[in-house]
Amino acid sequence: MSTNKPAYGNPTSDTFGGKSWDREEYAKKGAEEEAKRKEEGKARYEAKLLGKKWHAPVDYGSLEATTSRKQRLDVASMVGKTTIVSAANAVGKRGKGAGFYCSDCDLTFKDNLQLVEHLNSKQHLIATGQSGEVAQATVDDVRQRLRMLAHQKRVREEEERMVWQMDLGERLKDREEQLSKEREEKRRKRNEKRRKGNDEVKQEDSWEGRLGIIA
């Protein structure tokens, strides 16, 4: 036998099989949403009178400190490419359209300057869970950072040394092949010169024999 209970403790259907609703619960929810809308509208109006832009209240205690980007912005990968987008997807900047799209804020920008400004804006930082405040580094943080940079430098120098050794080996190999070709060319010319000398001696002997000259 099923033990499932309705969400509000009342039966979800009447005797005719139709779905029943908890009117008091939904009336309470509607009143709360209406009060929230009125409060938000009042806050927007007051911000407009002060010449400011209204933002929804944010619990900054739940946000993390802003950190630097760990990778470079890729704004050139789509250069020269064609993307088909629906005209109904974007209205103004809202939605995904033709341009640089921010999936966190569901906004599209027409050039990379607008994109960079948006990525540094408070709106984007809050949408990505960042407070916009940079945490002050401690002595331990600085030491760890220096160790990491020193390690990266050692790794980079080791890679460059290995590449240089490989290049040196390739250069030595090419030089050895070049010297081998030069030696082979000299040997060929020497043999050719020797062969020509032998042919000339044989030719002189044949002429002397024909003329009856005896040495």
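**Exercise 1.** Is Glu-185 buried, partly exposed or exposed, judged by its relative accessibility?

*Solution.* Begin with the terms: a residue is buried under 20% relative accessible area, exposed over 50% and partly exposed in between, with a 1.4 Å probe and protein chains only. Glu-185 has a relative accessibility of 33%, and therefore counts as partly exposed. Before going on, note that this is a predicted model, in which local features need pLDDT of at least 70 and side-chain atom pairs count only at pLDDT 80 or more, while totals for chains, interfaces and linings use all residues. Residues are numbered from 1 along each chain as its sequence is written, and side-chain values use heavy atoms, with hydrogens and water left out.

**Exercise 2.** Describe the secondary structure of the chain and its share of buried residues.

*Solution.* Helices (H or I, at least four residues) and strands (E, at least two) are DSSP runs, numbered from the N terminus. By this rule the chain has four helices and two strands, and read from the N terminus the elements follow the order α-β-β-α-α-α. Of the 215 residues in the chain, 8% are buried.

**Exercise 3.** Find the region that UniProt lists as "domain: C2H2-type", and describe its structure.

*Solution.* The UniProt record, an unreviewed entry, gives residues 102-124 for this feature; its positions are in the numbering used here, feature names are shortened, and annotations may be inferred rather than shown by experiment. In the model, residues 102-124 are 48% helix and 17% strand, and the C-alpha atoms at the two ends are 9 Å apart.

**Exercise 4.** Identify the partners of Arg-188, Arg-187 and Arg-183 in salt bridges, and describe how these residues are placed.

*Solution.* Side chains of opposite charge can pair when their charged atoms come close. A salt bridge is a side-chain nitrogen of Lys or Arg within 4 Å of a carboxyl oxygen of Asp or Glu, and the structure holds six of them.

- Step 1: Arg-188 pairs with Glu-185 at 2.5 Å, N to O. Because the two residues are three apart in helix H4, about one helical turn separates Arg-188 from Glu-185. Salt bridges with shared partners link Glu-185, Arg-188 and Glu-192 in one network.
- Step 2: Arg-187 is joined to Glu-184, with 2.7 Å between the closest N and O atoms. Arg-187 is partly exposed at 36% relative accessibility, and Glu-184 is partly exposed with a relative accessible area of 47%.
- Step 3: Arg-183 meets Glu-176 at 3.6 Å, N to O. Arg-183 is partly exposed at 42%, as Glu-176 is at 45%.

**Exercise 5.** Name the residues of the negative patch and of the nonpolar patch on the surface.

*Solution.* Patches are made of residues with over 30% relative accessible area and no salt bridge, where like charges are joined within 9 Å and nonpolar side chains (Val, Leu, Ile, Met, Phe, Trp, Tyr) within 5 Å. The negative patch gathers Asp-167, Glu-170, Asp-174 and Glu-177. One of its members, Glu-170, belongs to helix H4, residues 139-211, and is partly exposed with a relative accessible area of 47%. The nonpolar patch is formed by Val-142, Leu-146, Met-148 and Leu-149, which together have about 330 Å² of accessible area, computed by the Shrake-Rupley method with a 1.4 Å probe. Met-148 also lies in helix H4, and its relative accessible area of 34% makes Met-148 partly exposed.

Methods: Lys, Arg positive; Asp, Glu negative; His and termini not counted. Charge placed at Lys NZ, Arg CZ, Asp CG, Glu CD.
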